[in-house]
Amino acid sequence: MSLSWEPVWEDYVAEYAGIRIKTRRDRTTGLIECPICGPTDKPVYLYTDKDLVMHLTAHARGMIVKPSRRAEEQEEQEEETLF
Ligand SMILES: [Zn+2]
(Lines give C-alpha, C1' and ligand atoms only; values in the text may rest on other atoms or scores of the structure.)
Protein backbone atom coordinates (compact mmCIF):
# COMPACT_ATOMS: atom_id res chain seq x y z
CA MET A 1 0.00 0.00 0.00
CA SER A 2 1.30 3.42 -0.91
CA LEU A 3 0.62 6.61 1.02
CA SER A 4 1.78 8.92 -1.74
CA TRP A 5 0.40 9.74 -5.16
CA GLU A 6 1.56 11.37 -8.36
CA PRO A 7 -0.43 14.62 -8.58
CA VAL A 8 -1.69 15.89 -11.93
CA TRP A 9 -1.77 19.66 -11.46
CA GLU A 10 -4.15 22.01 -13.19
CA ASP A 11 -4.42 25.78 -12.84
CA TYR A 12 -7.13 26.68 -10.37
CA VAL A 13 -8.67 29.85 -9.00
CA ALA A 14 -9.95 29.40 -5.45
CA GLU A 15 -12.72 31.75 -4.39
CA TYR A 16 -14.13 32.35 -0.93
CA ALA A 17 -15.72 35.40 0.70
CA GLY A 18 -14.93 37.57 -2.32
CA ILE A 19 -11.24 36.59 -2.25
CA ARG A 20 -9.72 34.99 -5.35
CA ILE A 21 -6.44 33.11 -5.24
CA LYS A 22 -4.67 31.67 -8.28
CA THR A 23 -3.06 28.34 -7.45
CA ARG A 24 -2.97 24.69 -8.56
CA ARG A 25 -5.30 21.77 -7.87
CA ASP A 26 -4.69 18.06 -8.27
CA ARG A 27 -7.02 16.70 -10.92
CA THR A 28 -7.34 13.28 -9.24
CA THR A 29 -7.89 14.15 -5.58
CA GLY A 30 -9.14 17.74 -5.88
CA LEU A 31 -6.58 18.84 -3.28
CA ILE A 32 -5.61 22.51 -3.52
CA GLU A 33 -1.97 23.52 -3.11
CA CYS A 34 -1.01 26.45 -0.89
CA PRO A 35 0.82 28.85 -3.26
CA ILE A 36 3.15 29.94 -0.43
CA CYS A 37 4.08 26.55 1.05
CA GLY A 38 4.28 24.67 -2.21
CA PRO A 39 6.13 23.65 -4.16
CA THR A 40 8.70 23.21 -1.39
CA ASP A 41 10.01 20.17 0.42
CA LYS A 42 6.98 20.43 2.74
CA PRO A 43 4.00 21.37 0.58
CA VAL A 44 0.57 21.93 2.11
CA TYR A 45 -2.64 20.70 0.44
CA LEU A 46 -6.12 21.79 1.41
CA TYR A 47 -9.57 20.34 0.79
CA THR A 48 -11.67 23.45 0.11
CA ASP A 49 -11.37 27.06 -1.05
CA LYS A 50 -12.34 28.15 2.48
CA ASP A 51 -9.52 26.05 3.95
CA LEU A 52 -7.05 27.74 1.59
CA VAL A 53 -8.24 31.26 2.49
CA MET A 54 -8.04 30.43 6.22
CA HIS A 55 -4.56 28.96 5.73
CA LEU A 56 -3.39 32.07 3.82
CA THR A 57 -4.89 34.29 6.53
CA ALA A 58 -2.73 32.43 9.03
CA HIS A 59 0.30 33.09 6.78
CA ALA A 60 -0.55 36.81 6.73
CA ARG A 61 -0.83 36.91 10.52
CA GLY A 62 2.56 35.23 10.87
CA MET A 63 1.06 32.12 12.44
CA ILE A 64 2.50 29.92 9.67
CA VAL A 65 6.02 30.44 8.35
CA LYS A 66 6.99 29.25 4.89
CA PRO A 67 8.71 25.86 5.39
CA SER A 68 12.02 26.85 3.80
CA ARG A 69 12.21 29.97 6.02
CA ARG A 70 11.43 27.87 9.09
CA ALA A 71 14.37 25.59 8.27
CA GLU A 72 16.68 28.61 7.86
CA GLU A 73 15.55 30.05 11.20
CA GLN A 74 16.19 26.73 12.94
CA GLU A 75 19.68 26.65 11.46
CA GLU A 76 20.31 30.22 12.68
CA GLN A 77 19.09 29.31 16.17
CA GLU A 78 21.31 26.25 16.23
CA GLU A 79 24.28 28.40 15.20
CA GLU A 80 23.47 30.93 17.93
CA THR A 81 23.43 28.25 20.61
CA LEU A 82 26.87 27.07 19.57
CA PHE A 83 28.51 30.36 20.55
ZN1 LIG B 1 0.89 27.69 3.24
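**A note on the predicted model: core, hairpin and helix H1**

1. The largest nonpolar core of the protein is made of 7 residues, namely Ala14, Ile32, Cys34, Cys37, Leu46, Leu52 and Leu56. A reader new to the structure should keep in mind that the model is predicted, and may find it useful to take this core as the point to which the later remarks return. As background, nonpolar side chains in soluble globular proteins tend to be buried together.

2. As to the overall layout, the protein has 2 helices and 4 strands, and their order from the N terminus is β-β-β-β-α-α. The protein has 83 residues, of which 12% count as buried. When contacts between residues at least 6 apart in sequence are considered, 28% of them join residues at least 24 apart.

3. The strands S1 and S2 deserve a look early on. Strand S1 covers residues 9–16 and strand S2 covers residues 19–26, and the two run antiparallel, joined by 8 bridges. Two of the facing positions can be named: tyrosine 16 has isoleucine 19 of S2 as its bridge partner, while glutamate 10 stands opposite arginine 25 in S2. For orientation along such elements, the side chains of a regular strand alternate between the two faces of the sheet.

4. What is notable about the backbone of alanine 17, which is not a glycine? Alanine 17 lies in the loop between S1 and S2, in a hairpin that has 2 residues between the strands, and its phi is positive, at about 55°. The general background is that most residues other than glycine have a negative phi. Alanine 17 counts as exposed because it has 8 C-beta neighbours inside 10 Å, where the limit for that class is 12 or fewer.

5. Alanine 14, one of the core residues, touches Ile21, Thr23, Ile32, Asp49 and Leu52 when residues up to four places away in sequence are not counted. Two of the residues in that list, Ile32 and Leu52, belong to the largest nonpolar core as well, and Asp49 is taken up again under helix H1.

6. Is isoleucine 32 buried or exposed? Isoleucine 32, which is placed in strand S3, is buried, because 23 other C-beta atoms lie within 10 Å, and the class begins at 20 or more. Apart from neighbours within four places in sequence, isoleucine 32 is in contact with Tyr12, Ala14, Thr23, Arg25, Tyr45, Leu46 and Leu52. The C-alpha atoms of isoleucine 32 and threonine 48 are separated by 7.1 Å, although the two residues are 16 residues apart along the chain.

7. Proline 35 sits in the loop between strand S3 (32–33) and strand S4 (45–46). With 16 C-beta neighbours inside 10 Å, proline 35 counts as partly exposed, and its contacts, leaving aside neighbours within four places in sequence, are with Ile21 and Thr23. Proline 35 and tyrosine 45 are 10 residues apart in sequence, and their C-alpha atoms are 9.6 Å apart in space.

8. Helix H1 comprises 12 residues, residues 49–60, which at 1.5 Å a residue should span 16 Å, and this agrees with the 17 Å between its end C-alpha atoms. Within H1, the residues Asp49, Leu52 and Leu56 are buried. Seen down the axis of H1, these buried residues fall within an arc of 60°, and therefore they line one face of the helix. On the other side of H1, Thr57 and Ala58 are exposed, whereas the cover over the buried residues of H1 includes S1, S2, S3 and S4. Just after H1, glycine 62 has a positive phi of about 80°.

9. Which residues does aspartate 49 touch, if residues up to four places away in sequence are not counted? They are Ala14, Glu15 and Tyr16. Aspartate 49 has its place in helix H1, and it counts as buried because it has 20 C-beta neighbours inside 10 Å, where 20 or more is what the class requires. Aspartate 49 and alanine 14 are 35 residues apart in sequence, yet the separation in space is 5.2 Å, C-alpha to C-alpha.

10. To draw the points together, Leu52 and Leu56 are buried residues of H1 and are also among the residues of the largest nonpolar core, which includes Ala14 and Ile32 too. Alanine 14 is in touch with Ile32, Asp49 and Leu52, and S1, S2, S3 and S4 are among the elements that cover the buried residues of H1.

How values were computed: Residues numbered from 1 in each chain as written. Predicted model: local features only at pLDDT ≥ 70, side-chain atom pairs only at ≥ 80, totals over all residues. Contact = placed C-beta atoms within 7 Å. Pairing = 2+ DSSP bridges. Core = buried A, V, L, I, M, F, W, Y, C linked by C-beta atoms within 7 Å. Expected span 1.5 Å × (residues − 1). Arc of directions from axis to C-beta.
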